[in-house]
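Student: I should like a close look at one part of this model, namely the contacts made by charged side chains and rings, followed by the spaces within the fold.

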Amino acid sequence: MVIPFVKASACGNDFLLIEASTIDAQAPADLARITRRLCDRHEGVGADGVEWMYPDAAADVEIRLINADGSEAEISGNGTRCVAAYICTERGLERITIQTGAGLKTCMLTGRSESEYEFEVEMGSAAVGAELTVNVGANEVRGIPVSMGNPHYVVFVPEFAENWRTIAAETQRSSQFKHGVNVEMVVVDGRHDVRARFFERGVGETQSSGTGSCAAAVAAMATGRAESAVRVQAPGGTQTVRLDANSVFLRGSARLVCRGEFFLS
């Protein structure tokens, strides 16, 4: 079986975009198995996840995100933006509606240069919880739970510790997070600037995260550390998060990298 794909990247967060109709595997177990093979960076194409695309009567496309380890996630802000870039190229649309596991998202094209696109995505509302303490070994980690349709835990730090990945991984495994959690380590540099590191469910460390950037910015605003709009700088690039009433808007780039075929044997 040959699976056509498009590879895309949003601030270093990379995804494979695949029309689900190209395969005859609708069962979750099959999608999980195929996704793991596709995302393997040595034996496959390599990616943080696959955005499986389906027709939708009420939107331009419906997507289902399967992480590199085969687990399913509600949404990726970066992955959604990558899909928007693909739809923009294929159909010439500048306003794109995408049905995700976290609801309908609208992507507005704000700029384009060849295969590089910039979109602002209406991400919906954020739910910010009270500070939560998590026991990590003999230490305590204090963070802010945030839901962007998927779960996040934002930890503010003066600077990134050398062992931040270990701390994030152990935090992620805490029984307090029944559905797993995406962990953000965040350094506040000013009223409109933060730096973030991301450790995501089903992937581990990523170069960037769209919903993670939203969570980091919203938590910083909710705790009085920052105010809208907030630039979130990550190793893969910078995204901007702003609040308008109760809605969170995420602006950032997405790049179509290549097309190819994966031979599934």
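Over which ring does the charged end of R242 sit, and how far is it from the centre of that ring?

Tutor: The charged end of R242 lies over the ring of F249, at 4.2 Å from the ring centre; the criterion requires NZ of Lys or CZ of Arg within 6 Å of the centre and within 35 degrees of the ring normal. The model is predicted, with local features needing pLDDT of at least 70 and side-chain atom pairs counting only at pLDDT 80 or more, while totals for chains, interfaces and linings use all residues. Residues are numbered from 1 along each chain as its sequence is written, and side-chain values use heavy atoms, with hydrogens and water left out.

R242 also belongs to a network of salt bridges that links it with E118, E120, D244 and R251. A second charge over a ring is found at R225, whose charged end is 4.1 Å from the centre of the F156 ring.

The structure contains 16 salt bridges, each a side-chain nitrogen of Lys or Arg within 4 Å of a carboxyl oxygen of Asp or Glu. Among them is the bridge between R201 and E74, with an N to O distance of 2.6 Å. This pair connects distant parts of the chain, 127 residues apart: R201 is in the loop between β14 (193-200) and β15 (204-206), and E74 in the loop between β5 (72-73) and α2 (77-91). Helices (H or I, at least four residues) and strands (E, at least two) are DSSP runs, numbered from the N terminus. R201 is buried at 12% relative accessibility, whereas E74 is partly exposed at 27%; buried means under 20% relative accessible area, exposed over 50%, and partly exposed in between, with a 1.4 Å probe and protein chains only.

R195 and D189 form another bridge, their closest N and O atoms being 2.7 Å apart. Here R195 is buried at 18% and D189 partly exposed at 46%. In the bridge between D48 and R41, the corresponding distance is 3.1 Å, and D48 is buried, with 9% relative accessibility.

Turning to rings alone, there are three aromatic pairs, counted for Phe, Tyr and Trp (its six-membered ring) with centres within 6.5 Å; planes under 30 degrees apart are stacked, over 60 edge-to-face, and the rest tilted. One of the pairs, W164 with F199, is edge-to-face, at 6.5 Å centre to centre and 90° between the planes. W164 belongs to helix α3 and F199 to strand β14, so the pair ties together parts 35 residues apart in sequence. Both partners are buried, W164 at 5% and F199 at 13%.

Helix α3 also leads to the largest pocket: α3 (164-172) and β11 (139-147) each supply at least two residues of its lining. A pocket is an open set of points on a 1 Å grid over the protein atoms alone, where a 1.4 Å probe fits, with protein on both sides within 12 Å along at least five of seven lines; lining residues have an atom within 4 Å of a point. The space in the largest pocket is about 200 Å³, a volume being that filled by probe spheres set on the points, which are joined across faces, edges and corners. Fifteen residues line the pocket, and those closest to its centre are N139, V141, N163, I167 and M185. The greatest contribution to the lining comes from β11, with four residues.
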